[in-house]
Structure formats: C-alpha cells, structure tokens
Number of protein chains: 4
Amino acid sequence: MADIGFVGLGIMGRPMVRNLMAAGNTVTVYDIVGTAIEEMATEGAIPASSSSEVASKNPLIITMVPDSADAEAAILGANGVLEGASSGSIVIDMSSIAPASSQKIAAGCEGQGVDFLDAPVSGGEPGAIAGTLAIMVGGKKDVFDKYVDVFAPMGNSTYCGDYGAGNTTKLANQIIVAINIAAVGEALVLAKKAGLDPNVVFDAIKGGLAGSTVLNAKAPMMIEGNFNPGFRVRLHQKDLNNALQTAHELSVPLPFTALAQQIIGSLMNEGKGDADHSAIANFIEDMAGTKISG
Amino acid sequence: MADIGFVGLGIMGRPMVRNLMAAGNTVTVYDIVGTAIEEMATEGAIPASSSSEVASKNPLIITMVPDSADAEAAILGANGVLEGASSGSIVIDMSSIAPASSQKIAAGCEGQGVDFLDAPVSGGEPGAIAGTLAIMVGGKKDVFDKYVDVFAPMGNSTYCGDYGAGNTTKLANQIIVAINIAAVGEALVLAKKAGLDPNVVFDAIKGGLAGSTVLNAKAPMMIEGNFNPGFRVRLHQKDLNNALQTAHELSVPLPFTALAQQIIGSLMNEGKGDADHSAIANFIEDMAGTKISG
Amino acid sequence: MADIGFVGLGIMGRPMVRNLMAAGNTVTVYDIVGTAIEEMATEGAIPASSSSEVASKNPLIITMVPDSADAEAAILGANGVLEGASSGSIVIDMSSIAPASSQKIAAGCEGQGVDFLDAPVSGGEPGAIAGTLAIMVGGKKDVFDKYVDVFAPMGNSTYCGDYGAGNTTKLANQIIVAINIAAVGEALVLAKKAGLDPNVVFDAIKGGLAGSTVLNAKAPMMIEGNFNPGFRVRLHQKDLNNALQTAHELSVPLPFTALAQQIIGSLMNEGKGDADHSAIANFIEDMAGTKISG
Amino acid sequence: MADIGFVGLGIMGRPMVRNLMAAGNTVTVYDIVGTAIEEMATEGAIPASSSSEVASKNPLIITMVPDSADAEAAILGANGVLEGASSGSIVIDMSSIAPASSQKIAAGCEGQGVDFLDAPVSGGEPGAIAGTLAIMVGGKKDVFDKYVDVFAPMGNSTYCGDYGAGNTTKLANQIIVAINIAAVGEALVLAKKAGLDPNVVFDAIKGGLAGSTVLNAKAPMMIEGNFNPGFRVRLHQKDLNNALQTAHELSVPLPFTALAQQIIGSLMNEGKGDADHSAIANFIEDMAGTKISG
C-alpha cells in the first residue's frame with residue numbers, strides 16, 4: 001500500500017478517495033472547498049492546505065477536477081502540484097479534459113522530472129462509489145505499468161497510448177454516447193407519433209443491430225419521462241466542447257457531433273444542465289410536439 | 001405444416017423459402033425473374049406463373065419484394081395477389097417498405113375479406129439463411145396469434161402493433177443503426193488522427209456506455225478497411241428514405257436521420273451502393289483526409 | 001387579347017385573373033370552391049362547372065393550384081383539363097409543384113397534342129395583386145415564345161429550360177431563401193445575445209457581402225418580432241419537400257436544405273404554419289433562449 | 001493630419017498604410033517580418049524595431065494581425081504596444097478576432113489609461129487597396145467620435161457598440177456569408193443535375209427574394225469553376241471558429257454555422273485553404289458527383 005496525494009474532492013473525488021483508503025492506502029487530500037477537506041478528514045484522510053503541500057508530502061499525486069483550466073491551475077499553477085513535487089514524483093490526472101491540455105501538463109511535469117499519466121474515467125458517481133470506473137490511461141507505457149495497481153481500487157484501467165490518449169479515448173466514447181442518445185430519441189419519437197408503444201419497439205429492436213448499452217440504459221428513461229441524472233447534460237456539453245476543439249485543432253470535421261453539441265446548448269438554455277444526458281431526446285420531442293412517455 | 005405461397009425470390013426470399021420447405025411446408029413460388037422460379041423449383045418448390053396464381057392456390061401468401069411500389073404492385077396490382085386471393089386468405093408482406101404503404105395494402109386486403117400482416121425483417125442474408133431473422137409484425141393481434149408459427153422457420157417474430165407497425169419498428173431500428181455507425185465513424189476518425197490505435201480505443205470503450213452491437217460489428221470492419229456487405233448502403237438509403245417520408249407525413253423532424261441520409265446519398269454518387277453500410281464512416285474519413293484503417 | 005381559361009381561384013389565382021381581365025382578356029374560371037367562382041363572376045369572369053368545361057371552351061388554360069397532386073388531378077384527372085382540351089390547346093400550369101410532376105403532366109398533354117408550360121411564380125400575394133410576379137417557365141422554347149405575352153399582365157417571365165425547368169428554378173430559389181433566412185437568424189441571435197443592437201448590426205452589414213434581399217426584407221421583421229405573412233411557413237415546407245424529393249430522385253445531397261426542412265417541421269408542430277417564413281429565425285431564438293426583438 | 005503607428009504589414013496592412021500616407025499622415029510601421037518593414041520604408045513609412053517602439057513614438061496605434069493570439073501578443077505581450085504606450089494613447093485593433101479577445105485587450109488598455117477600439121474590416125485586399133473597406137467599430141462612443149476621421153482613408157466606418165461589438169458584427173457578417181454561399185451551392189448543384197443551365201437559373205432568380213451580393217459575386221465563379229481568391233477559405237474558417245467559440249461562451253446554438261464549419265474543415269483537408277470561400281460549393285458538388293461549371 002502507498003501514500004497517495006489527492007487533489008479534487010467533488011462528487012467523483014470523494015468516493016474515489018474512500019475506495020483508495022479502503023484498500024489500505026494513506027491519502028492526503030486538498031480541495032478549494034474547505035468543507036470537502038474536513039469531510040474527508042473525518043473519514044481518515046490527512047488534510048493539506050494546498051495542492052503544493054499535497055505534492056510535497058506524497059510522491060504519487062492524483063488530481064480530479066472539472067475541466068482543462070482547473071487541471072492546469074491545480075498542477076501547473078501557483079501553489080500547484082508541481083511547486084511541491086520532486087523529481088521522481090508521479091502525477092495522475094483523472095480529470096476529463098482536452099487532450100491538448102493533458103499534453104501541456106505532461107510537458108510541464110517532464111520539465112521537472114515528474115512522471116505523468118492522464119487517466120479520465122467513465123462510469124459516473126455510481127461507478128466511483130462502486131469502484132468500477134472504466135479508466136482510460138495515456139502516457140508512457142512503462143509508467144503505466146509501474147502504477148497500474150494504483151487504479152485497482154477505483155476501477156478497471158486500460159492503456160490507450162501516449163500523453164493525452166486517455167482523454168482522446170474518453171472523447172471518442174462521449175461522441176458515440178451523445179449521438180446514439182440522439183438516434184434513440186429520433187427512433188422512439190417517430191414510433192410514438194406513429195401510434196406505437198415505445199416499450200414494444202424497444203423490446204423488438206434491442207436484440208438486433210440497433211442494440212446498445214445506451215438503448216438499454218436510456219430508452220427506459222425516455223419512456224418513463226425520467227431524466228434524473230445519471231450523467232449530466234452540462235458535463236456532456238463540456239466533453240463535446242473538448243471534442244470539437246480537439247477536432248478543430250486536428251482538422252477533423254465531426255458533423256454529427258457538432259449537431260449534437262448545438263442541441264445540448266439549447267437544453268442548457270432551457271435550464272436542463274443538471275438533467276440526465278438522455279434529455280437530448282427532449283429536443284427531438286419538442287421539435288415533434290410529442291413525448292415518448294405517457 | 002401448411003401450404004404457403006411465396007412471391008419474391010431475391011437474395012432474401014430464396015433462403016426463406018428453403019427454410020419454410022425444410023420445416024415441412026409445401027411452398028408455391030413466383031418471381032418476376034423466371035430463373036429464380038426455376039432454381040427454387042429444382043429445390044422442391046412448386047412454380048407458379050403469377051402472383052395471382054400463387055394466391056389462388058394457397059390461402060397463405062408471403063411477399064418479399066424490394067420497396068413500397070413493388071409490394072403494392074405484387075399485392076394490389078394487375079395479376080397480383082388480391083386477384084387470386086379469396087375471402088379468408090392471409091397475406092403476410094415481409095418486405096421492408098413505408099408504413100403508409102403497408103396501411104394501403106392492408107386496406108385493400110380488408111376490402112376483400114383478406115387478412116394482412118406487415119412483417120419486415122432484420123438480420124440480412126445471413127439471418128435469412130440461418131433462419132434467425134428478427135421479424136417485426138404489424139396488424140391485428142388475433143391474426144398475428146393465429147399465424148405466429150408460420151414465422152418460426154425464418155426467425156423470431158415480435159408483435160409491434162396495428163397495420164404498419166412492423167415497418168415503423170423496422171424504420172426505428174434503421175435510424176438508430178445508421179446514426180450509430182456515423183457516431184462510431186466520427187469517434188474512430190478523431191482517435192486515429194490524434195495518433196491513437198483505433199483497435200485500442202475500440203477495446204477501451206466497448207464495455208461501457210458507448211458499447212453497442214454496431215460498435216462490435218462495424219468498428220472492426222472500419223479498422224480493417226473492409227466494407228464488404230453485410231447490409232448494403234443502397235438498402236439503408238431506401239430505409240431512411242421511407243423513414244424521412246414517414247416522418248414528413250407524421251410531422252416528425254429527424255435532424256440526425258436527415259443528415260445521415262444526405263451522407264448516404266453522397267456514398268451512392270461515389271458508387272458505394274453495394275458496400276456495407278459501415279461505409280458511412282468513409283464520408284467522415286474523406287472529410288478528415290484520414291483512414292481509420294492502415 | 002385572348003380567351004383564357006383559369007383553374008384555381010385561391011389567394012394567388014384571384015388577383016391573377018383580375019389582372020388578366022384588366023388587360024382586356026376574357027377569362028373563364030373554375031375552382032373546387034364554388035364561392036370563389038361566384039366572386040370572380042361578379043367581377044366579370046365567366047363561370048364554368050369543371051376544369052374540363054373550362055378547357056373545352058378555351059384553347060389556352062392556366063392552372064394555379066396548391067401542390068403536385070392537385071395539379072395532376074386538375075389536368076390529368078377525371079373532369080380535368082385534358083378531358084376538355086383539343087389538339088392544339090395550350091396548358092400553362094403556374095402552380096409550384098415538383099418538377100417530376102410537371103414532366104408527368106407534360107407527357108399527358110403531349111399525348112393529346114396539347115402544348116404545355118410549367119410556370120411557377122414568386123412574389124406572393126402582393127406580387128400577384130401588383131402584377132409583378134417573377135414567372136419561371138419550363139417547356140419548349142417555341143411554345144414559350146408563342147405565349148410569352150400572356151404572362152405580361154401577371155408579371156415578368158423568364159424561360160428556364162425544358163419541361164419542369166420552371167419548377168426546378170423555383171425550388172432553387174426557395175432553397176436559397178430558406179437557408180439565408182436561417183443564416184440571418186443565426187447572425188442576429190448571436191449579435192443580440194452578445195449585447196448588440198440588431199438594428200445597428202443590420203445597418204452595418206447590409207451594404208457588404210452579407211447583403212441580400214432576404215436581409216433587407218426579413219431582418220426588420222425579426223427585429224420587430226413581426227411574423228405576419230408574407231410567404232407562409234407551410235408553403236415553404238411544401239417547396240422544400242418538393243426540393244428534397246427532387247434531390248433524392250436526382251441523387252443530390254442537400255445537407256443545409258435538409259436541416260432547414262427539419263426546422264420548418266418543428267415550426268409547423270408549434271402551430272406556426274401560417275406565420276411568415278422569417279419565423280425560421282424563431283427556432284434559433286428558441287434554441288438560444290433569446291429574442292432578436294425587444 | 002496625424003502621426004500614426006501601424007503594426008502588421010500583411011496583405012491587408014500594407015495597402016492600408018499606403019492609403020493612410022496618401023491622405024497625408026506620417027506612419028511608423030512594424031511587422032514581425034523585416035522585409036515588410038523595409039518595403040514600406042521605401043514607400044515613405046518610418047521603420048520601427050518593435051510594437052513597443054511604434055507605440056512610444058505615436059499616441060495613435062493601429063494593429064492589423066491575423067488572429068486573437070497575435071493581437072493579444074502584439075498589444076499585451078512582451079515588447080508589445082502597451083509597453084510603449086502612454087496614458088492618453090489610443091489603440092485601434094483592426095484585426096478580425098474573437099470579441100472576447102477584444103474585450104481582454106480593451107481591459108488591458110484601460111488599465112493603463114489607454115483608449116481602445118476594435119475595428120475589424122470586410123472588403124478584402126481589393127477594398128484595402130481601394131480604401132473602401134467596411135469598418136465595424138466597437139468601443140466607447142466618444143472615443144469613436146474622436147477618432148472617426150482616422151478611418152476615412154481606409155474605408156467607411158460604422159459604430160456598432162461597446163468593446164468587441166465591431167468583431168461581433170464582423171462574425172454576424174461572416175456567418176451569413178458562409179451559409180449563403182452554401183445555399184447558393186445547393187441550389188445550383190440541384191439545378192445543374194436536373195439538366196438546367198445554371199446561368200439561366202442565376203438570371204431568373206437574382207432579382208427576387210433569393211437575390212444577394214453573395215449570389216451576384218459567387219454564382220458566376222461557381223459557374224465558371226473559378227475559385228481564385230477573393231476571400232480565402234482558411235480565413236473564413238478562422239472567422240467561423242471565432243463565431244462558434246463566441247457562441248459557445250454566450251450559449252447560442254448555431255446549427256447552420258456549425259455545419260458550414262465542418263464543411264470548411266473538409267475543404268482545408270483537401271488543400272483548398274487558399275481557394276476562394278465560394279469553394280464551399282465544391283463540397284456540395286462532390287457530394288452530388290456533379291460540377292456546376294462545364
């Protein structure tokens with residue numbers, strides 16, 4: 001077991017810390033929200049007063065923050081991880097951010113002789129609590145091999161390639177999920193307005209080529225009209241924004257992703273940022289003047 | 001076992017007839033292509049010289065033809081099924097056509113006291129050969145119950161609702177499949193141009209929310225650059241055309257389906273009508289100037 | 001001056017008849033709505049009891065009906081124009097319909113030795129009243145030359161090509177108009193939500209490359225929040241439907257037109273079918289949660 | 001007449017400097033490319049060795065650089081304008097950049113008591129040479145009024161609103177232009193594949209609601225197959241990127257702009273970055289397998 005520093009105690013970070021402690025690790029924690037530090041301290045974590053302090057006391061630091069700018073600030077910024085880290089330390093950023101940002105952070109770490117992995121996750125809060133996150137890892141293969149066991153209490157890790165590859169893989173995942181939700185929405189709205197029972201359609205097609213984890217997970221929510229998260233619209237917006245920015249930098253046109261992102265923007269303006277991302281179907285419902293549910 | 005009339009001996013119809021005969025049925029066949037009749041006759045089918053004759057000799061008639069106009073001609077037209085059918089006969093149209101066309105045919109049948117089911121299939125030629133088609137059935141529930149065993153040698157049938165519901169369900173299926181193929185294409189093109197190995201991305205995401213039958217079946221084809229059908233682009237174009245026309249009649253906007261259909265139109269113009277529908281990814285590849293394979 | 005038969009006395013047909021009469025022509029009229037015939041009779045037109053009768057009494061027949069099916073019924077159908085027309089007659093269909101339908105009607109006419117022109121108009125009710133319609137004409141050039149003076153009281157005619165070319169030109173026109181309205185909507189919504197005065201933006205850009213008749217005519221309506229027709233959303237839907245169907249038959253992908261049509265479908269579902277087509281901007285406004293006006 | 005500092009001597013900056021000198025101003029110039037400075041010096045400009053030096057010697061400084069990062073570097077960065085400027089100086093940035101970047105630069109200027117205007121132009125190299133640029137200006141109204149005569153030798157200026165409003169107006173302009181080019185492309189490709197002469201269609205519709213400066217300027221280029229710039233695809237990509245980023249920050253969905261941008265990305269990958277932006281029609285041509293020209 002190891003001493004681990006952990007920066008970022010949000011809805012994902014807290015259960016991840018708990019699982020790391022439950023596996024016998026000693027975890028030093030920091031967050032910009034003081035109460036989050038206190039909460040974890042009562043559960044056995046060691047409180048720190050800055051990311052820099054976390055890094056100065058632990059050679060292995062995990063960061064789990066909202067977006068690219070937060071990760072860059074927490075690691076490269078003032079009082080950040082790199083101010084406290086020493087040559088030979090390892091930083092594992094588990095935030096879902098733009099691959100180019102991961103690469104920038106990696107360069108900053110390498111400049112100080114610090115190892116780096118980008119390791120975003122999917123599976124959401126339930127996966128974080130259950131320790132069953134899918135962890136997509138980018139960085140040097142030998143570094144991944146050296147630290148692969150660190151991930152085990154949090155979920156299942158896969159090596160995806162060089163710096164940024166974890167986040168690129170995450171974006172690929174999120175592209176498919178968003179567009180497939182839209183596809184399921186279009187299919188069920190058409191069926192409903194044609195007078196069919198969407199449950200019957202769901203049962204009829206789920207075993208064939210239209211079958212998917214999205215269909216199994218989200219069609220029942222659309223049919224019930226239940227859009228409680230789950231994975232929030234605002235987070236999917238962030239991910240698709242990172243996908244489209246990355247695509248722009250790489251000159252990769254993504255017409256379906258771009259359309260999905262405009263629709264998510266409309267949902268945000270309707271105040272649905274905290275709805276489950278299956279609410280993408282609401283946009284199609286509104287266009288058709290028909291609800292899949294009811 | 002029963003006497004069955006079968007009209008339409010194409011790539012799907014022939015193996016369906018074989019499975020019906022193998023199950024002990026006596027099958028009388030007709031096609032507008034004479035050699036197809038001869039071929040099935042050598043295998044034990046009884047040849048007929050028109051759809052009308054097929055219907056006059058069999059109270060149960062299955063039709064399996066390319067599109068709405070063909071089905072209407074074969075059933076409602078001159079020398080068609082209804083010219084030979086008697087009150088109490090049953091027509092099962094297994095063609096993939098527009099639901100409105102199924103409803104028109106149903107009305108024609110009802111006008112002569114003939115029962116009707118629309119029963120399009122998915123699963124393609126392999127499913128037709130193996131007798132494992134997914135059969136989506138619309139019509140009167142008691143009629144479905146009376147004839148459900150007829151479908152067993154060809155695949156697995158599901159009752160979907162009133163006249164046209166089988167074809168509406170098929171269209172819902174095809175909408176999801178086409179858009180999900182596009183989604184997988186966008187994800188893998190982005191990953192490839194970012195320098196990742198698409199096989200690694202595929203392995204990393206297939207177990208999560210991005211997982212689907214399309215991903216499992218089509219990502220490997222995209223990665224190999226193998227677009228041998230499978231299900232042909234031109235048939236998917238026909239299905240999406242029926243979907244968009246049905247959606248227009250029902251006033252259901254389908255922005256992703258509409259975009260997918262424009263892209264399929266481009267593939268048709270490139271001479272890819274007989275490629276597998278996973279070639280939808282080719283359009284994204286061409287936009288990006290990058291191949292997922294190689 | 002001439003004897004002219006005129007079938008179709010709607011919002012467009014009535015002022016067109018008035019202008020033909022004002023120019024000294026004798027006009028015999030028919031409509032499926034009897035009161036429209038009576039109204040025109042009080043103004044000096046000769047009433048007839050069918051399209052066939054109109055044609056039997058006049059060698060020159062103009063038709064002006066809503067869509068393809070109406071035009072085919074009025075000309076090719078029972079009691080239609082061709083039942084009354086003689087060899088040497090001329091049918092000028094001024095309805096806005098699918099080019100393929102014009103070609104079908106042309107073939108029917110040719111089969112009876114009757115000349116045919118398709119001659120859809122733009123300019124709407126105001127143009128019909130003022131006699132300033134833009135008239136786009138398809139058919140044989142010598143036939144156009146022979147009858148070009150007939151159009152003069154109604155507007156300005158242009159020869160566009162063979163049968164259907166008038167309607168194809170009209171569809172090209174409607175594609176540009178619909179998409180350009182959407183473009184103006186996106187530009188003004190962005191400007192408004194950025195805090196600018198849309199009137200100032202309109203003034204700043206109207207003289208440059210963004211300038212257009214649509215911008216001049218529709219931006220002020222969007223800025224006032226005035227969506228009184230003008231040209232109705234439901235008619236633009238009909239035109240884009242004909243455009244997309246024609247495009248499908250010709251294998252021409254039209255991704256922007258397809259997107260515009262899905263949006264118009266949404267407006268129809270909101271009950272905006274009789275709003276001016278500048279209401280396409282409402283869809284963008286709703287997505288953004290911002291009004292250009294106010 | 002005045003002493004003016006001018007930073008940025010590219011394809012636009014050089015003729016702008018010439019017009020300023022021709023109007024009697026004394027112009028001190030800097031560019032990161034030394035030969036551009038030398039060229040202008042031979043024409044009578046005073047060479048400087050940095051943006052800072054330009055600003056230290058002139059209280060009125062104009063900047064004209066490619067994009068947001070360049071403008072921020074030239075004005076806010078090391079050896080930049082603000083290092084040399086004094087309280088009471090005025091910076092006029094005529095670059096086409098993101099409005100948020102203009103606002104950031106404005107804040108930097110205000111922090112040093114320096115006035116600021118963002119004043120992007122349209123009209124391209126021909127307009128720069130002729131001194132007929134359309135200049136869209138953002139900033140304080142009294143500052144605009146004080147310096148409005150400065151713009152006169154370069155073109156016609158319009159006050160658009162507070163900081164960034166000039167660039168927001170420019171983006172609104174570019175949105176309309178890009179989408180309208182696509183619209184014209186779709187219309188002419190459809191007409192051509194339907195067998196019509198696109199010149200005839202152009203003539204028939206240019207006087208009506210489809211008429212626009214884009215139609216008049218770009219349809220003839222598409223019909224000739226001449227895509228020599230004019231305004232380059234790569235610059236329009238930059239502008240739409242700024243538009244989409246601005247829209248994302250303001251939560252304004254722009255579905256047509258997003259689609260146009262994906263298409264421009266595809267043109268870039270085909271090596272058409274230096275073609276005229278009317279090449280957007282090439283994408284529609286390629287989808288249809290048809291050329292408007294020839």
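Here are three short exercises on the interfaces of this predicted model, each with a worked solution.

Before you start: in this predicted model, local features need pLDDT of at least 70 and side-chain atom pairs count only at pLDDT 80 or more, while totals for chains, interfaces and linings use all residues. Residues are numbered from 1 along each chain as its sequence is written, chains are lettered from A in the order in which they are written, and side-chain values use heavy atoms, with hydrogens and water left out.

**Exercise 1. Describe the contact of chain A and chain B.**

Step 1: get the residue counts. Chain A puts in 57 residues and chain B puts in 57 residues, with contact meaning heavy atoms within 4.5 Å.

Step 2: turn to area. The two chains bury about 4,900 Å² between them, 78% of it on carbon and sulfur atoms; buried area is the accessible area (1.4 Å probe) that two parts lose on being put together, summed over both. On the chain A side, L190(A), L209(A) and F256(A) lose the most, together 16% of what that side buries.

Step 3: look for polar links. The rule finds zero salt bridges across this interface (a side-chain nitrogen of Lys or Arg within 4 Å of a carboxyl oxygen of Asp or Glu). It does find 12 residue pairs in polar contact, both at pLDDT 80 or more. Such a contact is a pair of N or O atoms within 3.5 Å; within protein, one must be able to donate a hydrogen and the other to accept it, and residues adjacent in sequence count only if both atoms are side-chain atoms.

**Exercise 2. Which helix of chain A gives the largest share of the side that touches chain B?**

Step 1: list the suppliers. Elements giving at least two residues each include strand 9 (155-161), helix 9 (165-193) and helix 13 (255-269) of chain A. Helices (H or I, at least four residues) and strands (E, at least two) are DSSP runs, numbered from the N terminus.

Step 2: pick the winner. Helix 9 of chain A takes it with 19 residues.

**Exercise 3. Work out how the two domains of chain A meet.**

Step 1: set the bounds. Domain 1 covers 3-163 and domain 2 covers 168-288, as given by an automatic or database domain assignment.

Step 2: size up the junction. 13 residues of domain 1 of chain A touch 10 residues of domain 2 of chain A, and about 870 Å² is buried between them, carbon and sulfur atoms giving 57%. In domain 1, S96(A), P99(A) and M136(A) lose the most area, together 43% of that side.

Step 3: check the polar side. There are zero salt bridges and five residue pairs in polar contact.
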